[in-house]
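Welcome! Please take a moment to look over the sequence and the 3D view before reading on.

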Protein chains: 2
Amino acid sequence: MVSIVSVAKAAGVSNKTVSRVINGEPHVTEDTRERVEKAIRDLGYIPNMAARQIRSSRSNTFGIITDYVSTTPYSVDIVRGIQDWANTHGKSILMANTGGLPEREAEIWKMFQSHRIDGVLYVTMYHRVVDPEAGDVSIPTVMINCRPQTSELLPSVEPDDFQGARDLTRYLLERGHRRIGYIRLNPILLGAELRLDAFRRTVKEFGLAESDLSIRLGMEGPVGAEENYVFAAATEMLQQKDRPTAIMSGNDEMAIQIYIAALTLGLRIPQDVSIVGFDDFRTVSLALKPELTTAALPYYDLGFQGAEWLNGVISEEKVRASRRVVSCKLVERTSVRAL
Amino acid sequence: MVSIVSVAKAAGVSNKTVSRVINGEPHVTEDTRERVEKAIRDLGYIPNMAARQIRSSRSNTFGIITDYVSTTPYSVDIVRGIQDWANTHGKSILMANTGGLPEREAEIWKMFQSHRIDGVLYVTMYHRVVDPEAGDVSIPTVMINCRPQTSELLPSVEPDDFQGARDLTRYLLERGHRRIGYIRLNPILLGAELRLDAFRRTVKEFGLAESDLSIRLGMEGPVGAEENYVFAAATEMLQQKDRPTAIMSGNDEMAIQIYIAALTLGLRIPQDVSIVGFDDFRTVSLALKPELTTAALPYYDLGFQGAEWLNGVISEEKVRASRRVVSCKLVERTSVRAL
DNA sequence: CATAAAAATGTCGACGTTGTCATTCGCTTG
DNA sequence: CAAGCGAATGACAACGTCGACATTTTTATG
């Protein structure tokens, strides 16, 4: 492979001058620069990042740690957001997956260190609390879609589940719904807790009694091995004497089952029962008929902002632990009617 | 950061001996090895991959190029399969996304070269034909879930859509179904073509007339911007005088709409109409009630086998262009009844 | 014991790039 | 014209590791 030495010889300059040209350093005449650029083109020179990393202690590479244990459609857009940011800022992405195994996580940190990555983005499938091993090392780290345990001084960027669920709840209340069912996402997830909390608070603020609500557990258990009660819960809920006029689903995936339960019972959506989801996973929210009103998890933005933030942490060499939340915008479609 | 020099001094050996220990080379006494390993532990030494790459011309890193233009749940497992293989074979994964843009693809190849990656896995969201720019360079490359245009000498590993759809068709025929509807996936996708072709051939071999079939287009247009006719097509098909007793859906996502169409028309699944999908995207196939019978796209295996194959290509330095297909196993659930 | 071979260890330069500082060239001012 | 300053370029060693080969030590054999 072509090195700086060949380019320098071809252009009749020193190695250092070639380096100045490719790094856009000042103090290079136009004539010299053109000669060098021509030699680079002619010889097909491509810089060796490894040599740069050794000499300059900059790898310009971010590591991403993910915890995917199964098909996980939800947070792919986080990675896409990170990659789009990285692409426009000259950073490379080294990617590794723990598969949910702590031992593998330790290996990954070590692998990242061997690559001298500049920083780490720790990404989770679901919005939850985690205990990353970053505390053992001083690699700049930003948590995405997850929250470090309180003893850790790590920045995190998370979706605003509370605001999203609050807005959905208000949306239903403003359209006259008073008897509202809520089928709850897996309780081990922070997102599930925040959404339910928002639901409860919002209806309370509105003056509704808890007895006007119908709250059921939709799923529970370890991620990737959940027990699923959604269809049964929705069926039971919709067969109540005073059945709810609207159901809030813990997420869009669960809404599939709620739709099917309603239709199977001969109920029309939204005429007989309105349904809202959460996350705007388009494969589902647009596939359901009528199309699902939901709050969109801002995964792409989480990724993009996380990468941006990490870059800031790296250049400032000062970790300011704080949490940023990105709002979950309400996406109005056709699954809700006004009473 | 700690280097080999510090370890060597602490262990009282040469740099090269430390190198021998960390690389598991022979001709190191047990006593020496232990001294070195202790020094490594005490000092927290982690090898610098960049220095290794420069000196030994081995990066032990694979590049993955993806073409994700939107939320794409389907092929995440490809990446997971690749990563699991890489993890157990000491390879790192550098990941970049074209977002479907050819210009970005050229930049990515260049970035990979600057990292001196050992080889490239070219991964597509959907099973289709592509024209990667690998032809311009001699980096070992394996196509995953996609097929190079015939002029390229590149190995590919693809799902056997034909076999999967053939098995599903037989499954329905064996259960007595003779009037079968087929709602077709986006025609620009190779997978769509293969599945429909299998359907047609299998029913023909079975002796059914084309007039016993009902084939509709479900979606069409550029990936990420498809027009979607599934719900309308299913509704129309199910309102036919001789409506089909079973419907084959181009994929699981489309099956959501077919389910809803059937239920909205007051038809029971599978009593009145049986439904099968394709791809076993579990978020959907398990969420549908009754659970969907389908053929599973072997994404994890595609990834795993692709990485394995690339490793072989790299070490043999000889590209044998050929196509491997991985079967799509029929997953029997409860959406089909026997007549 | 002497010799040869194998095992064990060490020396040194190479890889590609850039940080640091030295040197040269060109321009401006008195 | 000379001196000073800034721009432009170059020289060289350093970064961390390992390939290639040299040297030393140990073991086996006659």
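This short report looks at how the two protein chains meet and how they meet the DNA.

## Where the chains meet

Keep in mind that this is a predicted model. Chain A and chain B each bring 52 residues to their contact. About 4800 Å² is buried between chain B and chain A, and 62% of that area comes from carbon and sulfur atoms.

Across this interface there are 2 salt bridges. One of the salt-bridge pairs is B:Arg104 with A:Asp84, whose closest N and O atoms are 3.0 Å apart. The interface also holds 14 residue pairs in polar contact. On the chain B side, the elements that give two or more residues include α5 (76–88), β2 (92–97) and α6 (102–114). The largest share there, 7 residues, belongs to α10(B). Sorted by class, the chain B side has 27 nonpolar, 16 polar and 9 charged residues.

## Around DNA strand C

Now turn to the DNA. Around strand C there are 25 residues, and those that come nearest are A:Ile4, A:Ser19, B:Arg20, B:Thr32 and B:Arg55. Of the strand C atoms within 4 Å of the protein, 57% belong to sugar and phosphate.

Which element gives the most to the surface near DNA strand C? It is α4(A), with 4 residues. By class, this surface has 9 nonpolar, 10 polar and 6 charged residues.

## Reaching the phosphates

Some side chains come up to phosphate oxygens of strand C. For B:Thr32 the distance is 2.5 Å, for B:Thr17 it is 2.9 Å, and for A:Asn23 it is 3.1 Å.

Methods: Residues numbered from 1 in each chain as written. Chains lettered and ligands numbered in written order. Predicted model: local features only at pLDDT ≥ 70, side-chain atom pairs only at ≥ 80, totals over all residues. Heavy atoms only, no water. Contact = heavy atoms within 4.5 Å. Buried area = accessible area lost by both parts, 1.4 Å probe. Salt bridge = Lys/Arg side-chain N within 4 Å of Asp/Glu carboxyl O. Polar contact = N/O pair within 3.5 Å; in protein donor to acceptor, adjacent residues only side chain to side chain. Nonpolar A, V, L, I, M, F, W, Y, C, P; charged D, E, K, R; others polar. Near = heavy atom within 4 Å.
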